[in-house]
Amino acid sequence: MNISVFGLGYVGAVTAACLAKIGHRVTGVDIAGRKVDLINTGRSPIAEPGLDEVVADAVEAGRLIATTSAAEGLRDADVAIVCVGTPSRHNGEVDTSALEAVTQEIARHAAAASDGLAVIVRSTVPPGTMEETVLPAFRLVRDGVSTPSLIYHPEFLREGAALNDFHEAPQVVVASVGGSLPEAALRELMTAVYDGVPIRLHVVEPKTAEMIKYVNNTYHALKVSFANEVGRVCRGYGVDVHELFDLFLADTKLNVSAAYLRPGFAYGGSCLPKDLRALAKMATRADVETPVIANIGRSNEIHVQTALDLVMESGAARVAFLGLSFKPNTDDVRESPLLSLVEQCIGKGLEVKIFDRCICGDTLMGQNEAYLHAHLDHVTERLVGSPEDAVADADLVVLGHAVPAYLAAVDGAGKRVLDLTGRFQRSELTPGMLSVVLSELPGADPVRRGVLRRVG
């Protein structure tokens, strides 16, 4: 394939060299003449282990050249890959001006490319950028040239390990922007681009593809900060932090795994809140600042408040809760976020009915019983005998536990459902069982109101 790569910074230089190495004819395009000269003399414009050799070999073989001319770069191109920078502005927002300028240049000179040109953007951009900012530039027909296929393909190249990351990528994420390519054609194109390189291809929606890089890197930053905060606390108590983290990382069932990493409702129970507070207190006693750890509890409180806002915005006067304990298959209500939400709904004057298959007045005892009665007035009047009883007169059903019997109680009942679990919104549902109702809350934030669903 003839491939042009726009932007010869870190991502562009690696992408251009690696594509040339696997056999494509690659033209790099950059406004910086110094970068172009380095490429054309067989040298890498960036410091990256092994890249000088790859560039030199590709240039010597005639598969890699560079230019400052967009028109020259696009000549006979089958694919144009955009790798320009998207730095932060002073206020933290993303500066997409270079991306906008380059895509306009490509649109202007698209006539020089092959018929059926595909434009692949690798620059990191916020959700919505491709469809709202980049796509319009390509929707304009210039000199009779058809609109190119537009694809978003985020990069995950680590500095210092970029060549390995290209050839052994943990995942390759792509999205067809504006429906320009059907999935089968998109898969065929990406297989051709990565000719001979094994890839795990994930075809997703454009906004998902745009968001994933930010989520990945924020999580990596969180891991570094969390480990460093724990390290500071451990030093204050004379704990061998390296031995501790060897032990922590050895647990691949819960600690280093997908466990607890699905968006849903807040955490609770007898362990997580208590032990989090204890660790935060240890840090205080050791005179160590731990802002990440110290604010986890506050983040959890905000999540409960967000759920309360959704309930109040629904306008419901009668609310059914399916689930009360801090997680399914237990009767433990200690520090349950569902119990906290119920308390606040009652405090707002709402009529509340509750069903939890593990909780009834006859089986509650000890601290658990005392905790429930201390936090919920007239408990027995609010607990009902079946999910159907709870749902019958409700204006809104709050789904607190991912239990099929609870969903069955509202299936076909025409009830609005606030799904706090996130589980019933995915593929295990019967097709059509849940559908987004955006018109239910005309005054609500559209991002938040998307979790309010109608069942039936």
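These are my notebook entries on two helices, one loop residue and the cavities of a predicted model.

**Entry 1, helix H6.** I began with helix H6, residues 129-139, and looked up which of its residues are buried: Thr129, Met130, Val134, Leu135, Ala137 and Phe138 came out as such. Seen down the axis of H6, these buried residues fall within an arc of 150 degrees, so they line one face of the helix. I then turned to the other side of H6, where I found Glu132 and Arg139 exposed. For the partners of the buried residues, I noted that they pack against helix H5 (97-108), strand S5 (118-121), strand S6 (149-152) and H9.

**Entry 2, helix H11.** Next I took helix H11, which runs over residues 272-285 and has 14 residues; from its first C-alpha to its last it reaches 20 Å, close to the 20 Å expected at 1.5 Å a residue. Within H11 I listed Pro273, Leu276 and Ala283 as buried. They cover an arc of only 90 degrees around the axis, which puts them on the same side of H11. Lys281 and Arg285, on the other side of H11, are exposed. When I asked what the buried residues of H11 pack against, I found helix H9 (206-236), helix H12 (291-294) and helix H13 (296-313); H9 also appears among the elements that the buried residues of H6 pack against. I followed the chain on to Asp287, just after H11, and recorded that this residue takes a positive phi of about 60 degrees.

**Entry 3, Thr330.** I located Thr330 in the loop between strand S9 (318-322) and helix H14 (337-347). Is Thr330 buried or exposed? Its relative accessible area is 18%, and because buried means under 20%, I entered Thr330 as buried. A polar atom of the Thr330 side chain lies 3.2 Å from the backbone nitrogen of Asp332. Leaving out residues up to four places away in sequence, I noted that Thr330 touches Ser325, Asp356 and Cys358.

**Entry 4, cavities.** Last, I searched the whole structure for cavities of 30 Å³ or more, and the search found four. The largest cavity holds about 100 Å³ of space. Which residues line the largest cavity? I wrote down Arg122, His153, Pro154, Phe156, Leu157, Asp165, Phe166, Ala169, Gln171, Val172 and Tyr194 as its lining.

Technical notes
Residues are numbered from 1 along each chain as its sequence is written. This is a predicted model: local features need pLDDT of at least 70, side-chain atom pairs count only at pLDDT 80 or more; totals for chains, interfaces and linings use all residues. Side-chain values use heavy atoms; hydrogens and water are left out. Helices (H or I, at least four residues) and strands (E, at least two) are DSSP runs, numbered from the N terminus. The expected span of a helix is 1.5 Å times one less than its number of residues. Buried means under 20% relative accessible area, exposed over 50%, partly exposed in between (1.4 Å probe, protein chains only). The arc is that of the directions from the helix axis to the C-beta atoms. Contact means heavy atoms within 4.5 Å. A polar contact is a pair of N or O atoms within 3.5 Å; within protein, one must be able to donate a hydrogen and the other to accept it, and residues adjacent in sequence count only if both atoms are side-chain atoms. On a 1 Å grid over the protein atoms alone, a cavity is a set of points where a 1.4 Å probe fits but cannot get out, and a pocket is an open set with protein on both sides within 12 Å along at least five of seven lines; lining residues have an atom within 4 Å of a point. Grid points are joined across faces, edges and corners, and a volume is the space filled by probe spheres set on the points.
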